[in-house]
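Work through the exercises below with the sequence and the 3D view at hand. Try each task before reading its solution.

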Amino acid sequence: MRTPMVTLTLPVDVTSLIAVPRSPRVAAGLADGHVAIWSPNEGATSLLLRPHTARVLAVGTSADGTELVSVAGDGTIARTPIAPGATPASVTVDLGPAPPRAAACSAEGSRVVIGGEKGELRVFDSRTGARTTPAVAHRAELMALAFQPGSSVVASASAEADLSLWDAASGREIRRIDCGLSLWALEFSPDGTLAAGGVARRLTLYAAKAFEPTSNMTLEAPNMIVSLAWSPDGRLLAIGHIDSDTLRKGGVRVVDASSRAVVTTIDTGGSPTFGLAFSGADTVVGAFGRELRGWSVTRG
Amino acid sequence: MPQREWSRRDVLRQCLTAGALVVPAGWGEAEALHAWFEVQKNLAPTAHCEMGPFYKTHAPAQSMMRTPGDRGLHLTVAGRVISVHGDVIDGARVEVWQADDGGLYDLDGFKYRATLEPGASGDYKFESVMPGHYPARVARHVHYFVTAPGYQPLTTQLYFATDEVFEGNPDRHYTKDPLITSRSLVRPVTLAGRPDAPLGSVEFELVLEKA
């Protein structure tokens, strides 16, 4: 069991969380439009940027990690240098008639995908706001979205318990998978392996190109998977889980992605986390309401 | 569906011919029929609600979802699948799922999950129990996912006017559950049977829009 090495308390709830590449920092989108840039090494201080005035749906960065890309519920997409006092460059896009439910930024920050309450998907250029509408759509609210690093492939999961892999450049669907129960979390590893988990309590890894399932790991009942994060080297996978009977209790465990052996179990005080990210190679950061908590992970 | 619509048109034509329906001078049959059906298409589509996380694919075709000994008020839910014009929709598929009396969803099996195919009549019906309060939700509810060729998919939820969270006044209190998107989704419950073995029944019509 691990206790948090450090905690950062923010003004409002965290809505999205990613690792900033080539640095030990994470970027946390907030419910009021701010984005906090933080490293557990920095203790209780963070860089607070204000790219939006509405709830942040997703955050990403440029490939070198110097520029923040973010999208908010009011349809603004912003690119903001990660520096004190930086001014965002924003475009406003049409999110469509249904409220947005999920969003993701591509690994190098050039594209943003947004999914709505009725299953519609829209892809936007993050600089110009130009829109491409993929041929792919779902029939129910989007649960999770993720871009594959180094490609234009998107993974999208809806409440109809389906998972679609499709190309954001062409709109072409590569594969659609009936998952039986809904997915809550989708995360690509640095080499493009997709990790997917949700209500079925099962973590499934899909191969980078064909997206065939390569391995499964099942959590004991009643733990459902609600959040996932890969370590930068792709060897570790942090899994956030929640109790399906109460939807209140939860925790985090870190597993070896190859063997699925548990590397460590993190004591979150019984709280579930809906956002996870690695800070550097050996620190896991989780979002808990207004708090970011970081734990060191000792590899075996 | 077209059969029913033409039947009503035929009746209207007869009414025009027989003088049972009088229209303004200058109106032809086409104008009269158009005006009549425009007035008739005032059914509001059933309000959309989110699907939520507990939908499960491949629910069995079964109208009896409860088993002997199940806890909770026995409940019959019935209705029709129709268009905004009031026409029966043939070929609809109605998937329903709900929590048990204790408020828990079956994630491992298919208890309280069903796929119903109303067929040409558009009528659907299932036997269940009153769903319990799921911990993360305010009101008791049954989930629906309705699909039909040529129509927009409908995800919605049925709520019960008897739910204690509405304090006997759903008009005033239905917004206590932020996921209830319309008062029209909260339906009255009719009790029948014996006092020691009551059976609740609810009617819930499903109105779909063209794709």
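For sorting residues by class, Ala, Val, Leu, Ile, Met, Phe, Trp, Tyr, Cys and Pro count as nonpolar, Asp, Glu, Lys and Arg as charged, and the others, Gly among them, as polar. The structure is a predicted model.

**Exercise 1. Sort the residues that line the second largest cavity into nonpolar, polar and charged.**

Step 1. List the lining: B:Tyr55, B:Lys56, B:Ala59, B:Glu95, B:Val96, B:Trp97, B:Arg113 and B:Ala114.

Step 2. Apply the classes. B:Tyr55, B:Ala59, B:Val96, B:Trp97 and B:Ala114 fall under nonpolar, while B:Lys56, B:Glu95 and B:Arg113 fall under charged.

Step 3. Count. The lining has five nonpolar, no polar and three charged residues.

Step 4. Place the residues on the strands. In chain B, β2 (93-98) and β3 (113-116) each supply at least two lining residues, and β2(B) gives the most, with three. The space enclosed is about 30 Å³.

**Exercise 2. Find how many cavities of 30 Å³ or more the whole structure has, and describe the lining of the largest cavity.**

Step 1. A search of the whole structure gives two such cavities.

Step 2. The largest cavity holds about 60 Å³ of space.

Step 3. Its lining is made of A:Leu95, A:Ala98, A:Pro99, A:Pro100, A:Ile114, A:Gly115, A:Gly116, A:Glu120 and A:Arg122. By class these are five nonpolar, two polar and two charged residues.

Step 4. Strand β11 (residues 111-116) of chain A gives the most to this lining, with three residues.

Step 5. Follow one lining residue further. A:Glu120 forms a salt bridge with A:Arg131, and their closest N and O atoms are 3.6 Å apart. The pair links distant parts of the chain, 11 residues apart: A:Arg131 is in strand β13 (residues 131-132) of chain A, and A:Glu120 is in the loop between β11 and β12 (121-125). Over all chains the structure holds 25 salt bridges.

**Exercise 3. Describe the contact between chain B and chain A in numbers.**

Step 1. Count the residues: 21 of chain B are in contact with 23 of chain A.

Step 2. State the area. The size of an interface is often given as the accessible area lost when the parts come together. Here about 1800 Å² is buried, with carbon and sulfur atoms giving 56% of it.

Step 3. Name the main contributors on chain B. B:His48, B:Pro53 and B:Leu107 supply 27% of the area that chain B buries against chain A, more than any other three residues.

Step 4. Look for charged pairs. The rule finds two salt bridges across the interface. A:Arg201 and B:Asp108 meet in a salt bridge through their side chains, at 3.1 Å from N to O.

Step 5. Add the classes and polar contacts. The side of chain B that touches chain A has 11 nonpolar, six polar and four charged residues. Between the chains, 10 residue pairs are in polar contact.

**Exercise 4. State which residues lie nearest the centre of the second largest pocket.**

Step 1. The pocket has a volume of about 450 Å³.

Step 2. It is lined by 19 residues, and A:Lys118, A:Arg139, B:His48, B:Gln152 and B:Pro153 lie nearest its centre.

Step 3. By class the lining divides into nine nonpolar, five polar and five charged residues.

Step 4. Among the strands of chain B, β6 (154-160) and β10 (206-208) each supply at least two lining residues.

**Exercise 5. Give the order of helices and strands in chain B.**

Step 1. Chain B has three helices and 10 strands.

Step 2. Along the sequence the pattern is α-α-β-β-β-β-β-β-α-β-β-β-β.

Step 3. The C-alpha trace of chain B spans about 65 × 35 × 35 Å along its principal axes.

**Exercise 6. Locate the cis peptide bond from A:Ala221 to A:Pro222 and the positive phi of A:Ala161.**

Step 1. Recall the background: most residues other than glycine have a negative phi, and most peptide bonds are trans.

Step 2. The bond from A:Ala221 to A:Pro222 is cis, with omega near 5°. A:Pro222 sits in the loop between β21 (213-218) and β22 (223-230) of chain A.

Step 3. A:Ala161 has phi near 70°. This residue belongs to the loop between β15 (153-158) and β16 (162-167) of chain A.

Methods. Residues numbered from 1 in each chain as written. Chains lettered and ligands numbered in written order. Predicted model: local features only at pLDDT ≥ 70, side-chain atom pairs only at ≥ 80, totals over all residues. Heavy atoms only, no water. 1 Å grid on protein atoms, 1.4 Å probe; cavity = no way out; pocket = protein on both sides within 12 Å on 5 of 7 lines; lining within 4 Å. Points joined across faces, edges and corners; volume = space filled by probe spheres on them. Helix = DSSP H or I, 4+ residues; strand = E, 2+ residues; numbered from the N terminus. Contact = heavy atoms within 4.5 Å. Buried area = accessible area lost by both parts, 1.4 Å probe. Salt bridge = Lys/Arg side-chain N within 4 Å of Asp/Glu carboxyl O. Polar contact = N/O pair within 3.5 Å; in protein donor to acceptor, adjacent residues only side chain to side chain.
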